[in-house]
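Me: I would like to go through this structure with you and ask, label by label, what each one rests on. Could you set the values against the definitions as we go?

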Amino acid sequence: MRVFIAHVLVFLALFAVPFFVYGAFSSLSGLQPPGDDAVRFLLGVAVSKLGTAFAFVGIWLLGRDMLARQAGIYVFLWLVMFMLGEVGQALGPEYSWQEAFAGMISEALYFPLAGLILVRVLPA
């Protein structure tokens, strides 16, 4: 049951935090969600975040005895991976540096939160 709770809480952190960050960026700068269909966009984001939450919790479960003392490094590695992904997307077409920056801020908030959830819900 604790594993299920960890998955749900990590998913909620990964899915909810960007709403606040992108909402702030949108109100301050006029940043618009990509595409024409907001529901389809949100569904795509939900599926992506579900996969990330599954991997984040699953890898933790496989290595938590070793990772428990280094949870900060675990979170940091995920954060760097995703931030580099934002830079990669911004270098390509149809993704702005403003979107990448909002994504990096989101990740800098939700990965430490997700790490805290893991340490509290699934301690070693």
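Me: How do you know that the span of α1 agrees with what a helix of 28 residues should give?

Reply: Before the numbers, note that this is a predicted model, in which local features need pLDDT of at least 70, side-chain atom pairs count only at pLDDT 80 or more, and totals for chains, interfaces and linings use all residues. Residues are numbered from 1 along each chain as its sequence is written, and side-chain values use heavy atoms, with hydrogens and water left out. Helices are DSSP runs of H or I with at least four residues, numbered from the N terminus. The expected span is 1.5 Å times one less than the number of residues; for the 28 residues of α1 that should be 40 Å, and because the end C-alpha atoms are 40 Å apart, the two agree.

Me: What comes just after α1, and which elements help to cover its buried residues?

Reply: Gly30, just after α1, takes a positive phi of about 80°. The buried residues of α1, among them Val10, Phe11, Leu14 and Phe15, are covered by elements that include α2 and α4.

Me: Why is Phe111 called buried?

Reply: Buried means under 20% relative accessible area, exposed over 50%, and partly exposed in between, with a 1.4 Å probe and protein chains only. Phe111 has 0% relative accessibility and therefore counts as buried. This residue is found in helix α4 and, leaving out residues up to four places away in sequence, touches Thr52, Phe56, Val75, Trp78, Leu79 and Phe82, where contact means heavy atoms within 4.5 Å.

Me: What makes a group of residues a nonpolar core, and which members of the largest one touch the most others?

Reply: The term covers buried Ala, Val, Leu, Ile, Met, Phe, Trp, Tyr and Cys residues joined through side-chain atoms within 4.5 Å. The largest such core has 29 residues, of which Val10, Phe56, Trp60, Tyr74, Phe111, Leu118 and Leu122 touch the most other members. Two or more residues come from each of α1, α2, α3 and α4, and α1 gives the most, with nine.

Me: Why is Glu94 called exposed, and what is notable about its phi?

Reply: Its relative accessibility is 81%, so Glu94 counts as exposed. Glu94 lies in the loop between α3 and α4 and has a positive phi of about 65° although it is not a glycine. Arg120, in helix α4, is likewise exposed because its relative accessible area is 62%.

Me: How do you know that Lys49 has no salt bridge?

Reply: A salt bridge needs a side-chain nitrogen of Lys or Arg within 4 Å of a carboxyl oxygen of Asp or Glu; Lys and Arg count as positive and Asp and Glu as negative, while His and the chain ends are not counted. For Lys49, which is buried, the nearest side chain of opposite charge is Glu107, at 5.4 Å, and there is no salt bridge. Glu86 is also buried without a salt bridge, its nearest side chain of opposite charge being Lys49, 6.3 Å away.

Me: What makes the pairing of Lys49 with Tyr110 a polar contact?

Reply: A polar contact is a pair of N or O atoms within 3.5 Å; within protein, one must be able to donate a hydrogen and the other to accept it, and residues adjacent in sequence count only if both atoms are side-chain atoms. The side chains of Lys49 and Tyr110 are joined by such a contact at 2.8 Å. Lys49 lies in helix α2, and beyond its neighbours within four places in sequence, Lys49 is also in contact with Phe11, Leu14 and Phe15, among others.
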